[in-house]
Amino acid sequence: MISTIALFIASAAVIYFACEYFVNGVEWVGHRLELGATAVGTVLAAFGTALPESAVTFMAVVFGTTPDQKDIGVGAAMGGPLVLSTLAYAVVGLALLRLQKRRAGAADDSCIRADQQRLARDQGWFMAIFAFKVGLGLLAFAWKPWLGILFLAAYALYVKRELSAEETCSEADILEPLKFRPRDAEPSMAWACLQTVAALVVIAIASRVFVLQIEVLGQLMGATPHVAALLLAPVATELPEIMNAIIWVRQGKERLALANISGAMMIQATIPSAMGIFLTPWLLDGTLIAAGLFTMLSIGVLWLRFRQQTMSLGTLSAVGALYALFAGYIGWHFYV
């Protein structure tokens with residue numbers, strides 16, 4: 001038990017410090033590619049940090065030999081969006097509130113320096129894709145696996161739109177020195193890519209250790225594989241996105257933090273879902289449907305407030321309560 005907790009804490013610390021190198025490197029890669037801050041967050045950073053959770057789904061649905069093992073992949077594909085749409089956004093809101101209190105002595109509940117209309121469009125895309133994904137889980141028909149192609153096409157279209165969008169200013173232009181080359185004012189693309197890839201490797205290894213400790217802790221608490229896949233594993237695998245968000249908020253770059261979460265949600269709605277639809281029956285039970293409904297509720301709140309450009313830090317922080325409610329529902333459903 002003590003060794004499990006020690007590895008749990010140590011791997012979380014390694015992920016945080018590796019994320020420091022990753023966000024620094026990916027900003028320089030985006031700078032070299034002349035991308036805006038939002039595209040850096042939604043595409044480059046999101047794709048890199050989405051690898052751990054996508055790997056969980058891939059390993060479960062491809063190499064799983066029993067229905068329970070394949071259910072872990074489906075649970076992770078449904079749990080990832082739930083964690084991102086609730087806990088990850090709440091972390092950004094709470095971090096911004098804390099930062100404002102520390103700097104100004106009082107929180108300005110209405111200050112979010114981001115393109116709220118663009119974030120609203122992202123939530124709209126996600127909501128449509130996610131609703132279709134949940135709907136497929138309610139039906140059984142022979143040619144369902146072919147529909148996985150639509151999810152891959154949707155993500156490709158999203159990436160094309162993000163990379164072609166113009167931005168008038170970029171937080172990524174305010175760059176800290178590349179950590180691998182701190183004395184180089186203009187490090188090359190090769191050095192930026194090397195640091196980014198090296199950080200990703202460390203994040204992947206540490207995330208794997210973290211997930212294993214989460215699974216052990218889940219077993220000690222009596223959680224079933226289904227619950228571990230839906231509640232515990234997604235929290236672990238989404239940790240890089242959450243760490244990135246904290247780092248960027250600390251640097252005063254909330255637009256990058258929000259864009260990273262938004263982009264990761266699009267990946268979670270498409271790529272792991274496509275793998276699950278290709279390789280499993282993709283039929284959702286009551287618990288997974290409940291996860292989908294809580295996710296849709298959170299996204300509905302985010303979409304409405306971003307669309308009206310009235311998103312406050314209080315509202316952003318409050319969506320985390322939906323995850324607590326879902327965890328309470330799971331606890332009641334399985335243990336009462």
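This report walks through the helices of one protein chain and some residues worth finding in the structure above.

**The chain as a whole**

Keep in mind from the start that this is a predicted model. The chain has 13 helices and zero strands. If you read along from the N terminus, the elements run α-α-α-α-α-α-α-α-α-α-α-α-α. How much of the chain is buried? Of the 336 residues, 54% are buried. The chain exposes about 14500 Å², and carbon and sulfur atoms supply 69% of that area.

You can also ask how far along the sequence the contacts reach. Among contacts between residues at least 6 apart in sequence, 85% join residues at least 24 apart.

**Two helices side by side**

Let's look at a pair of helices. Helix α5 covers residues 116–136, helix α6 covers residues 148–164, and their axes are 12 Å apart. The angle at which α5 and α6 pack is about 175 degrees. Angles over 145 degrees count as roughly antiparallel, and α5 and α6 are therefore roughly antiparallel to each other.

Which residues of α5 and α6 meet? On the α5 side they are R118, R121, D122, W125, I129, F132, K133 and L136, and on the α6 side they are L150, F151, A154, L157, Y158, R161 and E162. Sorted by class, this contact has nine nonpolar, six charged and no polar residues. As you trace the α5 and α6 residues, a general point about helices may help. An α-helix has 3.6 residues a turn, so residues three or four places apart point the same way.

**Checking the span of two helices**

Next, a little arithmetic you can follow on the model. What should helix α1, residues 2–32, span at 1.5 Å a residue? The expected value for its 31 residues is 45 Å, and the end C-alpha atoms are 45 Å apart, which agrees. Helix α9, residues 239–250, can be tested in this way too: its 12 residues should span 16 Å, and its end C-alpha atoms are 16 Å apart, which agrees.

Is α9 mostly covered or mostly open? It is mostly covered, with 10 of its 12 residues buried. Among them are L239, P240, I242, M243, W248 and V249, and the buried set also includes E241 and N244.

**Positive phi values**

Some residues have a backbone angle that stands out. Most residues other than glycine have a negative phi. With that in mind, here are the positive values to look for.

| Residue | Phi | Where |
|---|---|---|
| E34 | about 60 degrees | just after α1 |
| G252 | near 75 degrees | after α9 |
| W282 | about 50 degrees | loop between α10 (254–279) and α11 (286–307) |
| Q309 | near 55 degrees | loop between α11 and α12 (313–318) |

W282 is not a glycine, yet its phi is positive. Is W282 buried or exposed? With a relative accessible area of 1%, W282 is buried. Q309 is another residue other than glycine with a positive phi.

**Far apart in sequence, together in space**

Finally, let's follow some residues whose partners lie elsewhere in the sequence. A90 is found in helix α4, residues 67–104. Buried means under 20% relative accessible area, so A90, at 5%, counts as buried. A90 and L316 are 226 residues apart in sequence, while their C-alpha atoms are 5.5 Å apart in space. Not counting residues up to four places away in sequence, A90 touches L316, S317, V319 and G320.

Helix α1 comes back into the picture with F8, which lies in it. F8 has a relative accessible area of 25% and is partly exposed. Its C-alpha atom is separated by 8.7 Å from that of L212, although F8 and L212 are 204 residues apart along the chain.

V209 is found in helix α7, residues 189–220. At 27% relative accessibility, V209 counts as partly exposed. V209 and T4 are 205 residues apart in sequence, and 9.9 Å separates them from C-alpha to C-alpha. Which residues does V209 contact, leaving aside its neighbours within four places in sequence? They are L7 and S11.

Technical notes:
Residues are numbered from 1 along each chain as its sequence is written. This is a predicted model: local features need pLDDT of at least 70, side-chain atom pairs count only at pLDDT 80 or more; totals for chains, interfaces and linings use all residues. Side-chain values use heavy atoms; hydrogens and water are left out. Axes are lines fitted to C-alpha atoms, for helices over the stretch in contact, and angles run from 0 to 180 degrees between N-to-C directions. Helices (H or I, at least four residues) and strands (E, at least two) are DSSP runs, numbered from the N terminus. Angles under 35 degrees count as roughly parallel, over 145 as roughly antiparallel, 65 to 115 as roughly perpendicular and the rest as oblique. Contact means heavy atoms within 4.5 Å. Ala, Val, Leu, Ile, Met, Phe, Trp, Tyr, Cys and Pro count as nonpolar, Asp, Glu, Lys and Arg as charged, and the others, Gly among them, as polar. The expected span of a helix is 1.5 Å times one less than its number of residues. Buried means under 20% relative accessible area, exposed over 50%, partly exposed in between (1.4 Å probe, protein chains only). Accessible areas come from the Shrake-Rupley method with a 1.4 Å probe; for residues, only the protein chains shown count as cover.
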